[in-house]
Amino acid sequence: MEIPVPNPVKKVPIHLQSSQNRVLIKNGKLVNHDTMVDNDIFIEDGIVKMIGRNLVIPGGTRVIDASSMLVLPGGIDPHTHFELEFMGAISVDDFYQGTKAAIAGGTTMIIDFVLPNKDESLIDTYQKWRSRATNKVCCDYGLHVAVTSWSKQTKQEMEELCNKHGVNSFKVFMAYKGVFMLNDSELYNTFEACKELGALPMVHAENGDIVHENSIRLLKSGINGPDGHALSRSEDVETEALNRACTIANQVGSPLYIVHIMSKPAADALKKHRNEQINRCGKSNIFGETLAAAVGTYWDKNKLTCWNDAAAHILSPPLRNDPYTPTYLLEMLANGNLQTTGSDNATFSSEQKAIGKGDFTKIPNGVNGVEDRMSVIWEKGVVSGLLSPCKFVEITSTNTAKIFNIFPRKGCIAVGSDADIVVWNPNAKRTISSKTHHQAVDYNIFEGMEVHGVPEYVLVGGRVCLDEGNLKVVQGHGKFIPTPPHADFVYGNENVNEESNDQQDYPQDNLKPTALKISPASSVTSEISNCSKSPMIHTGRAMRMEGQRDLQSSSFSISSDSNDVKKSSIRVRNPPGGQSKGFW
Ligand code: URP
Ligand code: ZN
Ligand code: ZN
C-alpha cells in the first residue's frame, strides 16, 4: 500500500530544498475551529513546527506578514468530480485545472469520487483514478469509492480498499436509475459492509424511480427545457430518499453521510435523524453535507430565462426555487445540524450542456464551486453574521477532516499538522467571474457576486502556492492522503467521550470537541484523540534559546484541566496518515 508516512527525519523533497522549506507566518490571527488567537506559525519541511509569539527561527526563513489577516487551515472540499465521465461528457476540470483552481480559492485538499460503471471492478477503477490524479494534482487529495452494483466481489474489494488503499468511505446512489442507482437491498448490504469495515457509507439521496417516471411524464407533456429538471425531482423526492437511507442505516446500525443536501425539508429530516441515530458514545453518527451552490445561489426563474444559463445551473438534487433556502441551510450549518460544505464540482462546458437541448434528462448534471466555495461561504455566512470565523473553519475543513479520519493532520493548524494554510484577507474584495476564474469551465454560477474574504497566500504542504494573490502551483505536488477506517468521530470512542471536559455549548451537535490528552511535556511526540480540539502541544523546544520564555505553551492551552499535561495520553487507534510511528 502506498501510504506516505510523515517522518521528521525523512529526506526533504527536491522542490522544498531551498529557503522555501522554512516559512514564518507572522502577525496574523490564527483561527481554528475552537479558538482565534494572535499567533505566529513556523513551518519547516511541510509541517507546522512552532506556534507562538517571538519564536526564534533559523536564518533564511521566508517571512510572510499576515498583519490584519486571518490565518486559517486550508479548506478541504469533500466532494469533487474531476475528469468525470458522466451523461455522455467528461467534466472539463481535470485534476490539474481543478486542484489549481481549488488552491486559488483557499482549498488545499479535495476528496474526489471514484465512479465505477456497474460492471467494473472497484479496485481497477480506483487505480484508474489514482493514475489520473497522481501527476496532475497541485494540492493533496483523497478518494471515496462509489458502489454501483452489489456482489460478493464488491464486498471483497471494499475490504481491500479499506485495508490496503486508504479508502474509508463508499458512496451509493439512490438516483440515476439504470446507471448508478442501487435498490434498498443493495443499500442495506453496502451499509452493512461499511459497518463491518469501520468505513462510512455516503448517499446521494433522491428517489430515482420517481425521477424516472416524472421525467417520462414531463417530456410527454411537452416540458423538455431545463425547468423540467427540478420539476422531475422535487424537495419531497429528495427528502423521501434521505429518510429511507437513514432508516436503512438505522436498521443496519451503520453511520451515514448524506452528500449535497439541497432543500429545507431534507435538512429538517437530517436534523431529526441526527437526534435519533447515535453511536456508542451517544453522539450522532448521521452527517450532512451541503454545497457552496446551495448556500450561494438558488433557482431564480426570473434570471434563468435563457437556455444556456438555466442548463449551466443544473445539478442533482437541483437548486430550489425558494430564495430562503440558502439562508436556511446556512443556519443549519451554524447550529450544527449540517456538518460540512462541499462543491460537488462537476463542470461541463456550455457545449457539453447543449447535449440536452430538447430533452432536459440529457443535460449533463453538475456545476462549478471548487474555486469559489470558501469565498462564497465566507460572504454568505461570515459577512452576513450567520457564522463565526471559527464555525467557518469547522464547516470548511475541520469537520471533514474529523469525519474522514485525517484530523489533526488536516483540518487544523497545530504543531505536527501538515502546513496547509490560508492567509485570508477579510478586508479584500473580488467579483466572481468565469472570465477571471481558474477553472476550465466557461461558466460560473456565482457570476457577478462580490465577495469579501480573499486568500492572499495559500500553503500546500508548506509550499507557498498562492503568493500575494499570484498562483505558483506545481503540477504533481499534491499527495494522496489515505483515510483510515474506524474514525473515532464517526464510530465513537468511549475513552475519549468519558474524559470530555468541554464546557462550550454545541446545540444538537456531536462535533463538540472532546478532551485532549497530551503526552508528558518532555516527550517529543504527543498522542492525541481524533475527536479532539485543536492540539497545540509541541513547543519546538530544540529551537528555543536559553532564557527565552516559551510563549507557545501559555496562550493556546487546549485543556480546561491544567493537570492534563501530566496525565498519560490516550492512544490513537488510527493516527492520521496511517500507522506511522514518531510523528504524533
Ligand atoms: O449533479 C450532480 N450532482 N453531478 C455530479 C454527480 C453527483 O450526483 O454527485
Ligand atoms: Zn450525487
Ligand atoms: Zn457529486
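So, let's start with His81: one of its polar side-chain atoms lies 3.1 Å from an oxygen atom of ligand 1. I'm calling that a polar contact, meaning a pair of N or O atoms within 3.5 Å. Bear in mind that this is a predicted model, where local features need pLDDT of at least 70, side-chain atom pairs count only at pLDDT 80 or more, and totals for chains, interfaces and linings use all residues. Residues are numbered from 1 along each chain as written, chains are lettered from A and ligands numbered from 1 in the order written, and side-chain values use heavy atoms, without hydrogens or water.

Back to ligand 1. A backbone N or O atom of Ser316 sits 2.7 Å from an oxygen atom of the ligand, and a polar backbone atom of Asn365 is 3.2 Å from a nitrogen atom of it. On its own, ligand 1 exposes 270 Å², and the protein buries 100% of that (Shrake-Rupley areas, 1.4 Å probe).

Who's around it? In total, 13 residues surround ligand 1, with Tyr176, His204, Ser316, Asp344 and Asn365 the closest (a heavy atom within 4 Å counts). Sorted by class, that shell has four nonpolar, seven polar and two charged residues.

Now the metals. Which protein residues are donors of the zinc ion that is ligand 3? They're His79 (NE2), His81 (NE2) and Asp344 (OD), 2.0 to 2.2 Å from the ion. Donors here are N, O and S atoms within 2.8 Å of the metal (3.2 Å for Na, K and Ca), and sites may look incomplete because water is not among the atoms. In sequence, the spacing is H-x1-H-x262-D.

The other zinc ion, ligand 2, has His204 (ND1) and His260 (NE2) as protein donors, lying 2.1 Å from it. Its four donor atoms make angles of 56 to 148°, and the site is irregular. The two zinc ions, ligand 2 and ligand 3, are 3.8 Å apart.

Key. A polar contact is a pair of N or O atoms within 3.5 Å; within protein, one must be able to donate a hydrogen and the other to accept it, and residues adjacent in sequence count only if both atoms are side-chain atoms. Ala, Val, Leu, Ile, Met, Phe, Trp, Tyr, Cys and Pro count as nonpolar, Asp, Glu, Lys and Arg as charged, and the others, Gly among them, as polar. Four donors count as tetrahedral if all angles lie between 85 and 135 degrees; four count as square planar and six as octahedral if opposite donors are over 155 degrees apart and all others between 65 and 115; anything else is irregular.
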